[in-house]
Amino acid sequence: MKPRFFRALPTLLSLLLLGLTLSCSEGEAPKDEFRIGFVAAISETAVRHNPDAARLAMEQVDNAGGLKVAGRRLFVRLLPRDNQDRLEDTLVAVRELISRDRVTAIVGPYVSRQAIPAAVLAQNAGVVLISPTSTNPETTRGKSLIFRACFADTAQGRALARFARDDLGASRAAVLYDAADDYCRGVAEYFRDAFVGLGGQVPAFEPYLTGEKNFRERLARIKAGGCQVLLLPNFQPTLREQIRLAGEMGVARTLLGSDSWHQPDVLALAEAQDAYFCTGFAPDRNTPETREFVRAYRERYGKDPILSDAMTYDSMQLLFQAARNAGGTQPQMLAAGLAAIEDHQGVTGTIRFHGSGDPERSVLIMRVQGKQAVFHKEIPPHE
């Protein structure tokens, strides 16, 4: 059964869309600005995503005299909105960015449970939305104005399954996942289906609901299944406890993770050492784009960028390239410019779109060593 709020979601979206229609007379954005909204959990939460990388991209363009589009110079204006990791606040933020702030593009949200309904609202309102890290296929499915910078759940689920079978030699796999979260459930299901398709078995496929804290009994059942690998495609704060308990109990030979693992406090866990996870960004990959981004980010903020920072930066760069290619920043022009992008050399690798909102891109496998994520292997798309 869906949670009560999600059962009421169509009604809420309808009311918000009505509000967008009624507020269409609030004025137009300045013609010398490219106004981009940013929606994320900016305040301190377990899933915090700050606008630092988006602001860096904006500053680099503006400090160079603006974005050159069809012979004009446009200054980028970033308009961040904190959704406090709540769906209701996400939808209100998207509505206000469109109706009040007159943005033509939005970066975010980051997690699929917020990005999917936000994408519906943006599509119906006629505004481009690009999510840096929402991997669930429903985010973009059937929507001409919605894009993602990262790979979809299908890609990482299949890549992890192939890695577990071919590289780790696993014949039996287990999965513990948050069934109430679109992202967690999606990665889990795609991994299971791909692993079975490759001749493996998944005797332990354990769902739980967001908010549960005691995983010892579930992990004991998984251990009894005799699996060589355990996939934990989940989020903080429960992810750390799951990793710690799985290691303490000796549940499986190897732990696997999705790109939600790419967090310093996860990598620091003793029980996470020698685990593998997939991601879209490896700061130790030796490319000019990655090196320059890492250098600039460190200089600006005094810290190293993480996955969400790199994906945010690439999302902004994709919007800039789309505007240049299409000759404007109106939503339909941006969407056409994005869909036509071929071989964009981003800080997270090569990104290309073929007429849809889902990029074709590689999946990177990282190994946790010395409390760091070390690049291990690249799995090309469609392998």
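In this predicted model, A70 sits in the loop between β2 (67-69) and β3 (72-82). The backbone does something a little odd there: A70 has a positive phi of about 50 degrees, even though A70 is not a glycine. Most residues other than glycine have a negative phi. A70 is also exposed, with a relative accessible area of 60%. At D85, another non-glycine residue, phi is again positive, at about 60 degrees. D85 belongs to the loop between β3 and α4 (87-99), and with 26% relative accessibility D85 counts as partly exposed.

Two peptide bonds also stand out. Most peptide bonds are trans. The bond from G108 to P109, however, is cis, with omega near -5 degrees. P109 lies in the loop between β4 (105-107) and α5 (112-125). A cis bond also links Q236 to P237, this time with omega at about 0 degrees. P237 is part of the loop that runs between β9 (229-232) and α9 (238-249).

Next comes β7, which covers residues 172-178 and is mostly tucked away: six of its seven residues are buried. What does β7 pair with? One partner is β8 (residues 201-208), which lines up with β7 in the parallel sense over six bridges. Within this pairing, L176 has E206 of β8 as its bridge partner. Another partner is β9, again in the parallel sense, over three bridges; here V175 stands opposite L231 in β9. To follow the chain from β7 to β8, look for helix α7 (residues 182-197): β7, α7 and β8 together make a right-handed β-α-β unit. A general point helps when looking at strands like these: in a regular strand the side chains alternate between the two faces of the sheet.

Helix α8 (residues 216-224) gives a nice example of a helix with a buried side. Its residues R218, L219 and I222 are buried. Why do these residues lie on the same side of α8? They cover an arc of only 95 degrees around the axis, so they end up on the same side of the helix. The general rule behind this kind of pattern is that an α-helix has 3.6 residues a turn, so residues three or four places apart point the same way. On the face of α8 turned away from the buried side are the exposed residues E217 and A224. As for what the buried residues of α8 pack against, the list is β7, β8, β9 and α9. Just past the end of α8, G226 takes a positive phi of about 65 degrees.

A charged residue turns up in a covered spot at D153, which is located in helix α6 (residues 153-167). D153 is buried but has no salt bridge. How far away is the nearest side chain of opposite charge? That side chain belongs to R148, and it is 6.5 Å away from D153. A salt bridge would need a side-chain nitrogen of Lys or Arg within 4 Å of a carboxyl oxygen, so R148 does not qualify as a partner for D153. Leaving aside residues up to four places away in sequence, D153 touches T135, N136, P137, D182, Y183, G186, V187 and Y190.

Further along the chain is strand β14 (residues 363-369). Five of its seven residues are buried, so β14 is largely enclosed by the rest of the structure. β14 pairs in the antiparallel sense with β11 (residues 276-279) over four bridges, and in that pairing Y276 stands opposite R367. β14 also pairs with β15 (residues 372-379), again antiparallel, over seven bridges. In this case L364 faces E378 of β15 as its opposite number. β14 and β15 form a hairpin with two residues between them, and G370 in that turn has a positive phi of about 60 degrees.

Finally, D304 lies in the loop between α11 (288-301) and α12 (307-326). Its relative accessibility is 46%, so D304 counts as partly exposed. D304 and V294 are 10 residues apart along the chain, yet their C-alpha atoms are separated by 6.7 Å. Apart from residues up to four places away in sequence, D304 touches Y297, R298 and D309.

Methods:
Residues are numbered from 1 along each chain as its sequence is written. This is a predicted model: local features need pLDDT of at least 70, side-chain atom pairs count only at pLDDT 80 or more; totals for chains, interfaces and linings use all residues. Side-chain values use heavy atoms; hydrogens and water are left out. Buried means under 20% relative accessible area, exposed over 50%, partly exposed in between (1.4 Å probe, protein chains only). Two strands pair if DSSP finds at least two bridges between them. A crossover is right-handed if, with the strands pointing away from the viewer, the path from the first strand over the helix to the second runs clockwise. Lys and Arg count as positive and Asp and Glu as negative; His and the chain ends are not counted. Contact means heavy atoms within 4.5 Å. The arc is that of the directions from the helix axis to the C-beta atoms.
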